[in-house]
Structure formats: structure tokens, C-alpha cells
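Let's take a walk through this protein together, one piece at a time. Have the model open and turn it as you read.

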Amino acid sequence: IFFRALSKMSLFEQLKNAFAAFDTNGDGHITVNELQKFMTEFGIECDEEQVQEIVDQMDIDKSGSIELCEFLPMWQKMIRNMIRSPTERKQLRSICSDEMADLKAHLAKGSIFGPERQIKDVVLLVVVADEIAPVLAEFSPVQDSELESRLLNLAQAFTCTVRNESADYKLTILQVASSPIYGRHYSGYTQVSAIVGLVAKEIKPDLLVSFGTSGGVGVGKTGHIKIGDALLASGCVYIDRLRTSSKSSHDWGVFGGPVVPTKNMDKDLGLVKALLGSQISYIVTAPQVHLIDTLGIAALDMEAAPEAEIAMQVGLNFVAIKMISNGVYPENASRMEEEYTEHRATVSANGLRTLRAVLLYLAGKTIGDL
């Protein structure tokens, strides 16, 4: 009713009336407590720390509260991203009432094809070549134009041999192809799905490894993942395919795919093993925050869920390793991008060490050894 009434007013009237709805004591200032109370009433779950971040972002004059002139950007974001119908909210609460136990169970099963297979052929799939170039130079890869043609030129391909003591294997590095129009790689999340299917047909590797960066959930909070950490995915889900018509459609939309159920790799290499979520946008909305919290998602990228989904269908052993390059901040995509740039050097150095360790670790192993 509140939002239907607002829709009949002018923009300025909408702004004043919306502001008044937040400013419950009418003193011309929206405090943290007033904002949190309003959001709770509309089914938007958030703690005081999250609300304080919103106030800090909007509080241009640093008065400690939000005034009318500072209110418009926040109001626009709420209208665009956070308002869902009561029916949808009710259905979402019902769907998640069992903490998504069925979905978690499907992910926990993992996906392994031939645990006894000796690792002799590995494909490393990346989107941004600069993130791995120094390590690859160590192994002297050679560009394979014939393979690129078989992969329909969706990726640049390089091959080399990785040796560790008496064991070795063939490594194929695939980097998402670059756009001649914009001079940078094509969109990773669209390209990798096609590439993974072609990998199964043309290369048939023993193991497919996805490597790149991701945003960490809860960065800066005690006990959470940190910038510079290396995450080994325990499973992959979508967070931008939310359906609320039924529990089955909800789980169908969220489920990306399982990964090889590793038992030793994370401990041997000092990796953080946790659930990885994927989405197209940098923006994280309130329903997505609820999903992240309920499933215990530790990091977000763009590619792992579609990669895992296709790998599962075509019978490829798949693992995803992601370097935490920034935090995840709902409604503040610019902060995520700023942190990515700010920590690029540190994350790159940690990533190079991690990737080198992973590549050497695979030599002489079976899939089951991981």
C-alpha cells in the first residue's frame, strides 16, 4: 500500500514522504536505528554493522545520520533492488526454512569420474591472462593454433609439460579469447560454458582447473576469509537465478554443480575450502545476501557455477581455485572494484605462489589422491 501510494505522487513528493517514513521521530535525520527498523519491517534482513555501512556511504556531510538531500541515492537503490512482494518474501522464507538442506546434500556428494585415474592431462582455464603469466613462463608453454581452431577460437591455447621430481603431465592453458572491438577478453561467464563443453570433446583431460579471482564474503570480520587467501571450492552455486514459485524451482535455479570431492588438497596446500557463488553483476541485493548467509557462501565470482554445471554434464573432473581480491559489499559495487585495484599487487603475488604450488602438486597424483 505504501509503495502504491507513492507511485501516484510527484518525484519530490515521493522523496519527502519516503524520507518521513524512515524518519520516525520527525527530526529531519535518519539514524542507524530508524533505517534498520524500516528495513526489518519490509523483510530486509541486515545487522547493525551493515546498516551503519549504508549510512556511512550516504552521509556526505559526516553528521552521523542521513538528511533529505543525502537520501535520494539510497531511495533509488531500495526501489530498484530490495522491494519484493509479500508473497515472494513469504515463499522465500518457506523455501529456506530447512536451511536448503536438499541443495547442500546434492553439492556435498561431489562429482568424480574415475578416482583411480592418473593425472596425465590437465586443462587450466582462466579469463585474465595477466594473472598467471609469470608462472606459466616458468613452464615455457607453446601456443597451439591447431587446438585453438578446434576450440572454435573461443580461447587462446598453450601447452607444456609440468614436471615435479619423477612425475609429469601435459598442461593445456586456455585463456578466454579477446575482443578485437574492445581490446580485452570477452565476457568470462558466457565464454567458459562453451569452452568447457569443447574441452570435453577435443581434449578429454583428466582434470579441469578453473583459476582466477573472486570477492570474499565477510572480508575484514573475525573468522572470515581474507583478501589474498586462496579458496578451493567445495561446490558452485548461482546467486542470481532466484526463483520463488516452489522449493524445486528455487533449488534448480541456485544449483550450479559439484566439484571433485577433495580430501587432501586444501590441507596440503593451505587453501580455504568453502562454497563458491557466481553471478553476473557486482551488485548484491538483499535476497542474495539471505542466500549467501543460508548456504554459507564464502566468495563470489562470475564463472565457476556455469563451468561446474557443464563439467558435471559432460563428465569432466572439475576443481575451482579462486584468489580473494576484494570484499563483497551489498549495494556498494564501487567499493569492490576499488579494493580489487588497491590489492592487485598483493593478490597477484599470492596467486602466483598458489598456482605454482597447485601445478606441481598435481604431478604424480590420481584424482582420488586430491
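Which residues does Ile 297 touch, not counting those up to four places away in sequence? Keep in mind that you are looking at a predicted model. Find Ile 297 and you'll see that its contacts are Val 217, Val 237, Ile 239, Leu 275, Leu 276, Gly 277, Leu 291 and Ile 292.

Now zoom out a bit. Ile 297 belongs to the largest nonpolar core, which has 56 residues. Ile 297 is also among the residues with the most contacts inside that core, along with Leu 174, Leu 231, Cys 236, Leu 295 and Phe 318. The element that gives the most to this core is helix 10, with 6 residues. Apart from this core lies another one, made of 36 residues, including Ile 119, Phe 139, Ile 173 and Ala 363.

Helix 10 is a good next stop. This helix runs over residues 188–202, and its 15 residues reach 20 Å from the first C-alpha to the last, close to the 21 Å expected at 1.5 Å a residue. Its buried residues are Gly 188, Gln 191, Val 192, Ile 195, Val 196, Leu 198, Val 199 and Ala 200. What do they pack against? There are strands 1 (121–126), 3 (155–164), 4 (167–176) and 5 (207–216), plus helix 9 (145–150) and helix 14 (304–314). After helix 10 comes Lys 204, with a positive phi near 55°.

From strand 5, step across to strand 10. These two strands pair in the parallel sense over 9 bridges, and Ser 214 has Ile 324 of strand 10 as its bridge partner. Strand 10 also pairs with strand 6 (residues 230–238), this time in the antiparallel sense and over 3 bridges. There, Ala 230 stands opposite Met 323 of strand 10. Why call strand 10 largely enclosed by the rest of the structure? Because 10 of its 10 residues are buried.

Strand 10 (318–327) is also what the buried residues of helix 15 pack against. In that helix (residues 333–342), Ala 333, Met 336 and Glu 339 are buried. They cover an arc of only 125° around the axis, so they sit on the same side of helix 15. A bit of background helps here: an α-helix has 3.6 residues a turn, so residues three or four places apart point the same way. Turn to the other side of helix 15 and you'll find Glu 338 and Glu 342, both exposed.

Conventions: Residues numbered from 1 in each chain as written. Predicted model: local features only at pLDDT ≥ 70, side-chain atom pairs only at ≥ 80, totals over all residues. Heavy atoms only, no water. Helix = DSSP H or I, 4+ residues; strand = E, 2+ residues; numbered from the N terminus. Expected span 1.5 Å × (residues − 1). Buried < 20%, exposed > 50% of the residue type's maximum accessible area, 1.4 Å probe, protein only. Contact = heavy atoms within 4.5 Å. Core = buried A, V, L, I, M, F, W, Y, C linked by side-chain atoms within 4.5 Å. Arc of directions from axis to C-beta. Pairing = 2+ DSSP bridges.
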